[in-house]
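Here is a short note to help you find your way around this structure. Keep the viewer open and take the points one at a time.

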Amino acid sequence: MSVTVPVGFKASGATAGIKPSGKPDLCLIVRDTPDEHGCAFAALFTANFVVGAPVIVGRRQREQALKGGPAPRAVLVNAGNSNAATGQQGVINAEQCMAAVAGLLGCRGAEVFMSSTGVIGRPLPVEKILAAVSGLVRGLGRGEAADAAAAAGIMTTDLVPKAALRQVVIDGRLVSIGAIAKGSGMIAPRLDSAAGPHAPGSGHPSGTMLAFITTDAAISTPDLQTALEQAARPCFEAISVDNHPSCSDTVVCLSSGRAPWQTPPARHADQPMPLLRPGTPGFAAFSAALAAVCDDLSEQIVVDGEGATRIFRVEVRGAATAAACTQIAREVVNSPLVKCAIHGQDPNWGRIVTAAGNAGVRFDPEQTSLHIGPVCVYRAGVPVTAALSDPALKAHMAGKKVHCVLTVGPADTVGAMTGCDLSKQYVVINAEYTT
């Protein structure tokens with residue numbers, strides 16, 4: 001169960017024939033009420049300078065919504081074609097698809113958000129999408145089947161669908177947050193900010209990761225944008241499959257404002273949920289649940305990384321700042337040599353430590369130690385030779401999740417990244433992707 005658990009949402013999936021495989025390639029998520037109390041929209045996009053047409057259109061929609069203009073109440077997603085590197089015609093094609101869905105829903109084109117994922121540089125097959133949208137709208141529903149159909153409709157090289165759900169009681173209301181996501185290859189997300197597509201701290205180009213979140217919390221669009229930025233960026237930016245920049249990363253959240261009473265009061269049972277406001281316990285609880293959803297999805301994406309057989313988390317401690325710790329962790333996670341060692345169950349401390357040394361962050365090797373699982377394999381600039389024959393180390397390396405802790409100094413700072421191994425299957429998948 002995922003995006004249709006929050007009150008006020010329906011979803012569907014369909015096959016339009018965009019994918020040569022004939023697998024599902026369309027998804028629609030709809031808030032079934034027009035814009036009213038507690039309804040909101042928020043979005044984050046890739047920080048890449050090269051973006052697909054849906055990102056161009058979506059950024060405009062976000063800007064308009066934050067200024068009090070029309071906010072999307074529906075999300076249309078196609079897989080198999082990213083509608084990127086398609087010029088102005090790509091924008092026209094996206095808006096044509098949005099208008100077709102809007103006509104069937106009885107709303108304006110600006111109230112339909114579109115996202116695309118798949119092969120780059122090919123014109124969007126508009127005619128196939130237009131032929132399928134009426135069935136997509138007729139198929140809207142709630143429940144496990146609707147959620148599963150929506151999740152399947154956004155997959156590309158994913159082996160499994162990805163969904164998450166969290167519920168939290170806020171001021172007597174049962175607030176639900178449901179989500180679906182896709183992502184398997186070209187994953188190293190860097191998300192923008194509503195303050196600007198390349199706001200300070202927004203990072204570099206990102207990988208192909210899409211996440212669509214629904215909630216029945218009552219909240220304003222600006223406050224939902226704040227909550228989404230605070231929750232999503234730390235989670236999705238802490239994963240990497242292959243550190244390959246793409247142009248389509250998108251995270252969207254819609255709210256309906258219709259969270260039900262957990263136990264209806266004797267009086268005022270029909271009273272709408274008050275808007276969540278930053279600085280209140282309710283907003284903090286909502287933000288924590290939203291972060292938990294994003295964290296859940298981000299790990300599912302890494303686990304399903306193309307060709308992945310295991311994942312590994314690198315936690316770095318003791319650099320001058322938390323950002324510096326994360327910078328080192330990212331360098332280690334993205335090292336092909338480290339990824340190959342993880343795949344081969346080889347506790348190759350040398351690859352990890354030297355990758356860390358390439359991160360551009362100064363640290364003293366003589367103050368550095370490395371633990372792989374429960375075993376210290378490197379201390380004060382030299383290896384712990386006996387550790388390599390420790391059965392606990394071998395057992396940890398053979399597991400599905402490897403945990404490394406690299407301490408580079410005395411500071412009370414921490415940063416972490418999660419990645420996956422590099423297998424022969426990754427090469428096969430990507431060598432044959434478009435040919």
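1. A good place to start is Ala 380, in the loop between strand E13 (375-379) and strand E14 (382-383). Please bear in mind throughout that this is a predicted model. Ala 380 is not a glycine, yet its phi is positive, at about 55 degrees. With a relative accessibility of 42%, Ala 380 counts as partly exposed.

2. Asn 83 also deserves a look, since most residues other than glycine have a negative phi. Asn 83 is not a glycine either, and its phi is positive at about 50 degrees. You will find Asn 83 in the loop that runs between strand E4 (74-81) and helix H2 (87-105). Is Asn 83 buried or exposed? Its relative accessibility is 0%, so Asn 83 counts as buried, the cut-off being under 20%.

3. Next, please turn to Thr 413, which sits in the loop between strand E15 (401-407) and strand E16 (414-420). Thr 413 counts as buried because its relative accessibility is 13%, under the 20% limit. Which backbone oxygen does the side chain of Thr 413 reach? That of Ala 319, at 2.6 Å. Leaving aside residues up to four places away in sequence, Thr 413 touches Val 316, Arg 317, Gly 318, Ala 319, Ala 320, Thr 321, Ala 322 and Cys 325.

4. Thr 418 lies in strand E16 itself. Its relative accessible area is 11%, so Thr 418 is buried. Residues up to four places away in sequence again set aside, the contacts of Thr 418 are Ala 238, Ile 239, Ser 240, Val 302, Ile 311, Phe 312, Arg 313 and Val 333.

5. Helix H4 (residues 144-152) is worth viewing down its axis. Its buried residues are Ala 146, Asp 147, Ala 150 and Ala 151. Seen from that direction, the buried residues of H4 fall within an arc of 130 degrees, and therefore line one face of the helix. The face turned away from this buried side carries Glu 144 and Ala 145, which are exposed. What covers the buried residues of H4? The cover includes strand E1 (9-14), strand E2 (26-31) and strand E7 (173-182).

6. Now for empty space inside the protein. Rolling a probe the size of a water molecule over the atoms shows where such space is left. How many cavities of 30 Å³ or more are there? The count comes to one, and the largest cavity has a volume of about 30 Å³. Its lining is made up of Val 338, Ala 341, Ile 342, Asp 346, Pro 347, Asn 348, Ile 352, Ile 372 and Met 397. Helix H8 (residues 336-343) gives the largest share of that lining, with three residues. By type, the lining of the largest cavity divides into seven nonpolar residues, one polar and one charged.

7. Last, a point about distance. Val 50 lies in the loop between strand E3 (40-45) and helix H1 (53-66). Val 50 has a relative accessible area of 57% and so is exposed, the cut-off being over 50%. How far apart are Val 50 and Ile 129 in sequence and in space, and what would you guess before checking? They are 79 residues apart in sequence, and 24 Å apart in space from C-alpha to C-alpha.

How values were computed: Residues are numbered from 1 along each chain as its sequence is written. This is a predicted model: local features need pLDDT of at least 70, side-chain atom pairs count only at pLDDT 80 or more; totals for chains, interfaces and linings use all residues. Side-chain values use heavy atoms; hydrogens and water are left out. Helices (H or I, at least four residues) and strands (E, at least two) are DSSP runs, numbered from the N terminus. Buried means under 20% relative accessible area, exposed over 50%, partly exposed in between (1.4 Å probe, protein chains only). A polar contact is a pair of N or O atoms within 3.5 Å; within protein, one must be able to donate a hydrogen and the other to accept it, and residues adjacent in sequence count only if both atoms are side-chain atoms. Contact means heavy atoms within 4.5 Å. The arc is that of the directions from the helix axis to the C-beta atoms. On a 1 Å grid over the protein atoms alone, a cavity is a set of points where a 1.4 Å probe fits but cannot get out, and a pocket is an open set with protein on both sides within 12 Å along at least five of seven lines; lining residues have an atom within 4 Å of a point. Grid points are joined across faces, edges and corners, and a volume is the space filled by probe spheres set on the points. Ala, Val, Leu, Ile, Met, Phe, Trp, Tyr, Cys and Pro count as nonpolar, Asp, Glu, Lys and Arg as charged, and the others, Gly among them, as polar.
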